[in-house]
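Q: I would like to learn how to read the boundary between two parts of a fold. Where should I begin?

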Amino acid sequence: MNDECTPVINTGLRGVDVASSKICDVKGREGKLIYRGYRIEDLAENATFEEVCYLLLHERLPDEQALAAFDNRLKQKRPIPESIVTLLKTLPRSMTPMDMLQAATPLLIQADENAGKQTPADAQNSAEYLISGLSTLIAAWDRVRNGRTPLAPDTSLGHAANFLYMLTGEPPDPETAAFFDAGLVLHAEHSFNASTFTARQVASTKAHIYAAVAAAIGSLSGPLHGGANVRVMEMLKEIGTPENINAYIDNILDSGGLIMGLGHAVYQTDDPRALILAPMSQRMGEIIGDTRWYELTKELEIRGKQAFKKRKDRDIFCNVDFYSASLFYAMGIPMDLFTPVFALSRVSGWCAHVIEEQFAKAAPKPTLYRPGATYVGDYCGPDECRFVGIEERK
Ligand SMILES: CC(=O)SCCNC(=O)CCNC(=O)[C@H](O)C(C)(C)COP(=O)(O)OP(=O)(O)OC[C@H]1O[C@@H](n2cnc3c(N)ncnc32)[C@H](O)[C@@H]1OP(=O)(O)O
Ligand SMILES: O=C([O-])CC(=O)C(=O)O
């Protein structure tokens with residue numbers, strides 16, 4: 001590639017469209033996020049996570065009958081095979097929940113009678129197993145690692161409330177359940193972000209949907225991506241009180257570090273999800289009678305943006321992970337489950353993308369992703385190296 005001319009490397013593929021997609025539009029300059037034609041603000045306020053999953057997977061919002069049938073299928077798929085729980089009990093309790101999730105997700109395939117048959121209907125069915133299964137898996141792991149017995153899912157509860165019930169043993173109050181549900185809606189989809197691109201890349205090899213989702217979980221775990229939400233909370237804890245903010249920011253920026261939850265590869269303004277999550281975090285703090293972490297986040301936003309502008313002479317904005325951290329914390333979710341919670345929502349988007357990658361009649365037609373790389377190895381000057389036997393090597 002670029003044999004004769006100066007190499008042109010699209011670092012991080014920024015600004016390069018690698019496919020066409022009907023699932024999601026992220027308008028970076030305007031700060032707009034659209035799932036299959038619908039604005040995120042409308043969905044977060046009016047739609048349940050189940051409706052959004054249906055929208056992503058079936059390209060339209062469900063009517064009452066379709067939603068009831070979908071909801072019923074998701075509920076039937078909530079229990080995970082006993083063999084997985086047995087396996088979870090053998091894992092070291094110190095294993096991170098994201099590592100557990102990446103390892104255990106492909107095991108959900110054993111309940112899926114049609115897995116790997118590679119028709120659109122089978123992939124939709126597998127998507128339901130994955131959406132329901134991840135929730136049960138994460139809650140089960142948290143209980144197992146704390147020496148408690150996993151709880152059976154409660155079919156009288158919706159997806160969001162059931163997760164919180166399986167985690168804590170108590171059905172959440174309606175406002176907390178509604179906020180958690182909206183949180184899941186907000187995290188469900190974001191076009192070709194790193195983890196979704198990972199899922200699509202795996203899907204482009206015609207590997208099955210469980211393989212694609214497991215790979216995507218690994219990608220999401222990174223601190224520059226979904227793993228940022230737990231780092232935001234760690235950062236807030238380290239700062240502790242508002243008087244420490246300036247010193248913290250100076251130290252981070254002087255050492256070339258990152259203020260977690262700020263900056264985005266696409267948005268050039270505040271992430272619309274952060275604008276919705278901030279008041280949710282404040283309200284959740286009020287419900288539990290402790291708005292300290294919300295207030296610290298707000299102050300950090302103001303001072304972090306100012307300090308960044310002063311140093312770099314350009315603006316930086318909040319991403320989705322900035323306010324979700326204090327929101328999830330106020331809900332009592334253990335910090336290291338923040339990124340798994342992101343995954344339990346984003347699995348819906350990943351599945352929609354895998355299905356689009358493998359079955360949509362898009363133009364241009366999806367094909368195996370196989371980018372190039374500019375070779376810069378200069379081990380033996382301009383020539384290839386002469387192979388030497390091991391006895392001659394120094
Ligand atoms: C769900 C999600 O994945 S949302 C993103 C979650 N990730 C985070 O919150 C981690 C912190 N943020 C970041 O690392 C980055 O902003 C990214 C990776 C999200 C986006 O990166 P980009 O927009 O491509 O910014 P890029 O990495 O090119 O950085 C541009 C400049 O801003 C700086 N910068 C970007 N974000 C931050 C930040 N949060 N804190 C301090 N400096 C930052 C970079 O160091 C770089 O400085 P330089 O030009 O002097 O080298
Ligand atoms: O789009 C991105 O690059 C990251 C992001 O915000 C997401 O995945 O939700």
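A: Begin with the contacts across the boundary, bearing in mind that this is a predicted model: 26 residues of domain 1 are in contact with 25 residues of domain 2.

Q: Which helices and strands each supply at least two residues of the side of domain 1 that touches domain 2?

A: Strand 2 (32–35), helix 1 (40–46), helix 8 (174–187) and helix 16 (338–359) each do so, and helix 8 provides the largest share, with 7 residues. By class, this side of domain 1 is made up of 13 nonpolar, 7 polar and 6 charged residues.

Q: How is the protein divided into domains, and how far apart do their C-alpha centres lie?

A: Domain 1 covers 11–225 + 335–359, while domain 2 covers 228–329; the C-alpha centres of the two lie 25 Å apart.

Q: Where does ligand 1 lie with respect to the two domains, and why?

A: A position of this kind is read from the residues of the shell: domain 1 and domain 2 both give residues to the shell around ligand 1, so the ligand lies between them. Of the 17 residues around ligand 1, those that come nearest are A228, L258, L262, G263 and N319, and the shell as a whole divides into 9 nonpolar, 7 polar and 1 charged.

Q: How many helices and strands does the protein have, and how compact is it?

A: There are 16 helices and 4 strands. The radius of gyration is 22 Å, close to the 21 Å that the globule rule gives for 394 residues, so the protein is as compact as a globular protein of that length. Of its 394 residues, 43% count as buried.

Conventions. Residues are numbered from 1 along each chain as its sequence is written. Chains are lettered from A and ligands numbered from 1 in the order in which they are written. This is a predicted model: local features need pLDDT of at least 70, side-chain atom pairs count only at pLDDT 80 or more; totals for chains, interfaces and linings use all residues. A residue is near a molecule or strand if its C-beta atom, placed from the backbone, lies within 6 Å of it. Ala, Val, Leu, Ile, Met, Phe, Trp, Tyr, Cys and Pro count as nonpolar, Asp, Glu, Lys and Arg as charged, and the others, Gly among them, as polar. Domain bounds come from an automatic or database domain assignment. The radius of gyration is taken over C-alpha atoms; the globule rule is 2.2 Å times the number of residues to the power 0.38. A residue is buried if 20 or more other C-beta atoms lie within 10 Å of its own, exposed if 12 or fewer, and partly exposed in between; C-beta atoms are placed from the backbone. Two residues are in contact if their C-beta atoms, placed from the backbone, lie within 7 Å.
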